[in-house]
Amino acid sequence: MTGCVISRILADQGFDVEVFERRDHVGGNCHDRCELNSYTHQYGPHLFHTSDRRVVDFLKNYSDFTPYFHKVTAIIDGAPLPVPFSLRTLQLTHPHSLAIRLSEKLIEAFGFGSQTTIYALLNSLDSDLKELGGYIYQSIFLGYSQKQWGVDDPLLLDKGVLNRVPVRISNNTNYFDDTYQMMPTYGYTQLFKNMLDHPRIALRLNKSIELTDVSIDCSASQMLIDASQYAHLFYCGMIDQFCDYTYGRLPYRSLHFESKKVATNHADRPTLQTNYPSNFDFTRIADYSHLSSVLGLKGHQESMVITEYPGEYDPSSLNFSQAFYPLFTSSARTLYLRYEEHVKPYRALVTICGRLGHYKYYDMDDACVAAISIAKRFLSSIV
Ligand SMILES: Cc1cc2nc3c(=O)[nH]c(=O)nc-3n(C[C@H](O)[C@H](O)[C@H](O)COP(=O)(O)OP(=O)(O)OC[C@H]3O[C@@H](n4cnc5c(N)ncnc54)[C@H](O)[C@@H]3O)c2cc1C
C-alpha cells in the first residue's frame, strides 16, 4: 500500500515512477482474489477501518466501498463468544447474578458506552474487577498472544499490542469502533491496480530490490538501481535487510496460511473470523464466504477457509519465510533505532517506509496517512 500511494501522488505531480515488487501481484499484504463468489484475502483478513476522513477521501478516488462492520467469534471453553469482551460476553460467560454485579461495577468505574483496556482491569483496585480482568486475560488475550508473538508473557510486550483489543462497557460486539468501516467493493487488488493505472507509472512484478542492485553515492547525489539512474528510492521492505543486517537481524513474526474449500456453513462459522485463543497451534480461521453478501455477490455452496499459524520469521524456513509483523520488545526497538540512525545519511536519495521499514504495526489507514505525508514531504523538499 505504501509504495502504491506514494507512486500515485508523485505520478500525479508529473514524476515518472517505477514500481518494483518482489511478488507476482500488487497490493502487498492487502492482496485478495475473487473466488467462490467472494474475495479471499491471501495474507489474512484485512478489514478497513479508520476515523481519518483524509484516508477515506484519498482511497475513494480508486474504488467504491461497501460498509462492513467486522465481528469476531472466539472459541472460549469450547463455546463461540463475541470478542472484544463486552457486557454481552460477560452475560454469556458468567452466572446471571454475578454478570449483573460486575456489569454495574464496570459501568460505575468506566461509564456505560465507554471502553477500557485489559491493563486497567488487571490493575484495578476493586478486587472483583481485577478478578474479571484476570479471567478476560486468561481466556482471550494470553494464549492468542503467546501464539501470535511467540512469547511466554505477553504483558512484557509493548502495551500498544494488547491495547489494540479493548474491553467494551456496552453491548457493542463490533470488533472496531471507527467512524468508517468498509471494504473495497471490487476488492483490494483492484483498488491498487486502479491506483497504479497511470501513464507515468511502470510496474515491474517479480522484481526484488536487493542491496547488490543499488549503488548510492551521497556526495555526488547519485543513486543507481540495476545501473539505471533514479532521483529517489522509496524502499518499503525490511530496514535491516536494506542495511545488509549490519547490526544483526531485527526479529519479525511470520504467518503460515493453510487454505481449503469446504461446504458453506455459517452455523459453525458464524463470522468471517473465528479466534482460537486457548486451543490448537493456529490463532484464527477466516471464512471468506461472509464477504459475498457484503460485496453484493451471490453466495456459493462452497467457501474458502484459511487457517492462520504464526511462527518466527526465518527466511530459510518452509512455512515462515515472509516477515509480517515487527516484534514489540524493547530490545527490538533499540535495534530498530540503530538502523534508523544508520540510514539517515542516505535520506536525500532513499526513504525507508512502510510497516517493515518503520518497524511499526501500521494498519492500512496508518500506512496510507504515513505514505501521503512522505510523498508531500518529498514534493516540498524539491521545490
Ligand atoms: C496478517 C495481517 C493482517 C492484517 N490485517 C489488517 C486489517 O484487518 N486492517 C488493517 O487496516 N491492516 C491490516 N494489516 C496491515 C496491512 O497489511 C498494512 O497496513 C498494509 O499492507 C500496508 O503495509 P505496507 O505498505 O507497509 O506494506 P505491504 O503491504 O507489506 O507491502 C510491501 C510490499 O513490498 C514488497 N517488498 C518488500 N521488500 C521488497 C524488495 N526488497 N523488493 C521488492 N519488493 C519488496 C513486498 O512484497 C510487499 O508487497 C494486516 C497485516 C497482516 C500481516
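Begin by selecting helix 13, which contributes the most to the shell around the ligand, with 3 residues. The structure on display is a predicted model.

**The ligand shell**

Keep helix 13 (364-381) highlighted and add helix 12 (354-358); each of the two supplies at least two residues of the shell around the ligand. Next, display the 28 residues around the ligand and label G28, G44, G237, G354 and D363, which come nearest. Colouring this shell by residue class shows 14 nonpolar, 8 polar and 6 charged residues.

**The sheet of strands 4, 10 and 5**

Move now to strands 4, 10 and 5, which form an open, antiparallel sheet in that order. Select strand 4 (48-50) and strand 5 (65-67): both stand at the edges with a single partner strand each, so one side of each has no neighbour in the sheet. Viewed across this sheet, neighbouring strands are turned by 40 degrees against each other on average, direction ignored. Then select residues 180-184, which make up strand 10; 3 bridges join this strand to strand 4, and the two run antiparallel. For one pair of bridge partners, pick T50 and Y180, the latter in strand 10.

**The sheet of strands 12, 13 and 14**

The last stop is another open sheet, in which 3 strands pair antiparallel in the order 12-13-14. Select strand 12 (214-217) and strand 14 (228-230) at its edges; each has a single partner strand, so one side of each is left without a neighbour in the sheet. From one strand to the next, the twist averages 30 degrees. Add strand 13 (residues 222-225), which is joined to strand 14 by 3 bridges in an antiparallel arrangement. To finish, pick L224 and its bridge partner in strand 14, Q229.

Notes:
Residues are numbered from 1 along each chain as its sequence is written. This is a predicted model: local features need pLDDT of at least 70, side-chain atom pairs count only at pLDDT 80 or more; totals for chains, interfaces and linings use all residues. A residue is near a molecule or strand if its C-beta atom, placed from the backbone, lies within 6 Å of it. Helices (H or I, at least four residues) and strands (E, at least two) are DSSP runs, numbered from the N terminus. Ala, Val, Leu, Ile, Met, Phe, Trp, Tyr, Cys and Pro count as nonpolar, Asp, Glu, Lys and Arg as charged, and the others, Gly among them, as polar. Two strands pair if DSSP finds at least two bridges between them. Axes are lines fitted to C-alpha atoms, for helices over the stretch in contact, and angles run from 0 to 180 degrees between N-to-C directions.
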